[in-house]
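Here are a few short exercises to work through with the model open on your screen. Try each one yourself before reading the solution.

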Amino acid sequence: MTRTSLDITHSSRATSCRTVAKYATKAAECVGTIDRRIVPGEDLTALPVREHARRLIAECLRLGAFEELADLRVTQWAHMLGFRGHFSTRSRRYSTTLGDIRAERQEHARDEQITTGRLPLLEEDTVLVISEWEYAGKGYSPGDALVAALTASSAVIGGGG
């Protein structure tokens, strides 16, 4: 079933942009896009891509014609399904940074460990050192003894080295 609408709202345009960007986060071989820019007016039927990718590229070109979406530059990035850059890059203008996400995740994990009692509540500049020593025995472990014996015998047979 194919739907075509000439009178779409800004909200549905934004939804279309999000849908196209969703596919940009998938592996290129899964979506089947090309590795070069597409020139407006280019014959999309001649592109060596699957029909699904062709429709997504066509949607990028269509959305790029709307003036209020010009700053997204989806036409210039239609070959990347409208998403410029690597899928995991974050723009401070539109989103957050991966460093901020990582820091928030670390803080959440630390807070969870404190509230569940697995980590004591300490001052921020406190270094917690957890160590425990126990007597393991005298001499080599059986495995270490075997390695030492093999090393010694190969040194004798091989002339020390």
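**Exercise 1.** Is Arg54 buried or exposed? Work it out, then find its surroundings.

*Solution.* Keep in mind that this is a predicted model. Start with location: Arg54 belongs to helix 3. Next, take its relative accessible area, which is 14%. Buried means under 20%, so Arg54 is buried at 14%. Finally, look for partners beyond the neighbours within four places in sequence: Arg54 is in contact with Leu44, Thr45, Ala46, Leu47 and Val49.

**Exercise 2.** Describe helix 3: its span and its buried residues.

*Solution.* First, the length: helix 3 covers residues 51–63, which makes 13 residues. From first C-alpha to last it reaches 18 Å, close to the 18 Å expected at 1.5 Å a residue. Then pick out the buried positions: Ala53, Arg54, Leu56, Ile57, Cys60, Leu61 and Leu63. To read such a list, recall that an α-helix has 3.6 residues a turn, so residues three or four places apart point the same way.

**Exercise 3.** Which residues does Thr75 contact, leaving aside its neighbours within four places in sequence?

*Solution.* Begin by placing Thr75 in the loop between helix 3 and helix 4 (98–115). With 17% relative accessibility, Thr75 counts as buried. Its contacts are Ile38, Pro40, Cys60, Leu61, Gly64 and Ala65. Two of these names, Cys60 and Leu61, also appear among the buried residues of helix 3. As a last check, measure to Glu59 on your screen: the C-alpha atoms of Thr75 and Glu59 are 9.2 Å apart, with their positions 16 residues apart along the chain.

**Exercise 4.** Search for interactions that involve rings.

*Solution.* Try aromatic pairs to begin with: the whole structure has zero. Now turn to charges over rings. The charged end of Arg37 sits over the ring of Trp77, 4.4 Å from the ring centre.

**Exercise 5.** Which element has the lowest mean pLDDT, and which the highest?

*Solution.* Take the overall picture as a start: the protein's mean pLDDT is 77, and 72% of its residues reach 70 or more. Among the elements, helix 2 (residues 28–31) is lowest at 54, while helix 3 is highest at 90. Residues 1–8 have pLDDT below 50, and beyond near neighbours in sequence this stretch has three contacts in the model. Where pLDDT is low, the predicted coordinates should not be read in detail.

Notes: Residues numbered from 1 in each chain as written. Predicted model: local features only at pLDDT ≥ 70, side-chain atom pairs only at ≥ 80, totals over all residues. Heavy atoms only, no water. Helix = DSSP H or I, 4+ residues; strand = E, 2+ residues; numbered from the N terminus. Expected span 1.5 Å × (residues − 1). Buried < 20%, exposed > 50% of the residue type's maximum accessible area, 1.4 Å probe, protein only. Phe/Tyr/Trp six-rings, centres within 6.5 Å; stacked < 30°, edge-to-face > 60°. Lys NZ or Arg CZ within 6 Å of the ring centre and 35° of its normal. Contact = heavy atoms within 4.5 Å. pLDDT = per-residue confidence, 0-100.
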